[in-house]
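Colleague: I am new to this one. Can you walk me through it?

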Amino acid sequence: MLTTKEAIHQRRSIRRFKRDSFPEDDLMEILDAARLAPSGCNAQPWRFKIVRDGETKLRLAKAAFNQMFVANAPVIIMCCADVRGYLDGSVSGVQDLGKIMALEDRIVKILVKRTGDMESLPVEQIGMLVALNVAIAVEHMVLRALDFGLGTCWIRLFDVPMIKEIFHWDDNIFPVAMLPIGYPDEDPQPRPRLSLNELILE
């Protein structure tokens, strides 16, 4: 099994997948890594749709502006935000933190008020805020997949209404990322990265 450092250094965006399927147990381990991710107020707003059938994968590739490599992965995980679950979970989560005195009462009140204020925002705006939490869970999956020799590729470029139409989702489910996953059929070189000196603000 890789160390965290090794996984971070080895991760690549994979756009060519072998047709071979992979064990269901491995997929469940990867999803469990997402389940254990941290989230604001422990709201745990991530929801996942596992897609294996060819027709749906093809429709997802088309919804991703014809990025057809997506359909060649044996599995696509649609990573979504549960908007209502986030709002409800944030309030109960922050109240729980207050009860165990992990947060001061004044911070609990601020967070509860902020959550209440979000209710008046457009669903798309709330969805983008919740997406920050879902992104943490997705990155857990991306790194855990490497333990099983699996590759992934973050896909954020897709038509949200088309995705919702495919799965008949209402506004409560906000698609955040499409994650094709399978055994890599390529070995991409590392992409250029900025130096630490370029990243640290004075």
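Modeller: Accessible areas here come from the Shrake-Rupley method with a 1.4 Å probe. Keep in mind that this is a predicted model.

Colleague: What share of the exposed area do carbon and sulfur atoms supply?
Modeller: The protein exposes about 11900 Å². Carbon and sulfur atoms supply a share of 54%.

Colleague: What share of the residues counts as buried?
Modeller: Buried means under 20% relative accessible area. The protein has 202 residues. Those that count as buried make up 41%.

Colleague: How many helices and strands are there?
Modeller: From the N terminus, the elements run α-α-β-α-β-α-α-α-β-α-β-α. That gives eight helices and four strands.

Colleague: In what order do the strands sit in the sheet?
Modeller: Four strands form an open sheet. Their pairing is antiparallel. The order is 1-2-4-3.

Colleague: Which strands stand at the edges?
Modeller: An edge strand here has a single partner strand, so one side is left without a neighbour in the sheet. This holds for strand 1 (46-51) and strand 3 (151-152).

Colleague: Which residue in strand 4 is the bridge partner of Gly 151?
Modeller: Strand 3 pairs with strand 4, residues 173-182, over two bridges. The sense is antiparallel. The partner of Gly 151 is Gly 182.

Colleague: Which residues does UniProt list for the domain "Nitroreductase"?
Modeller: The UniProt entry is unreviewed. Over the listed stretch, the chain is 49% helix and 15% strand, with end C-alpha atoms 18 Å apart. The record gives residues 8-183.

Notes. Residues numbered from 1 in each chain as written. Predicted model: local features only at pLDDT ≥ 70, side-chain atom pairs only at ≥ 80, totals over all residues. Heavy atoms only, no water. UniProt positions renumbered as here; feature names shortened; annotations may be inferred. Buried < 20%, exposed > 50% of the residue type's maximum accessible area, 1.4 Å probe, protein only. Pairing = 2+ DSSP bridges.
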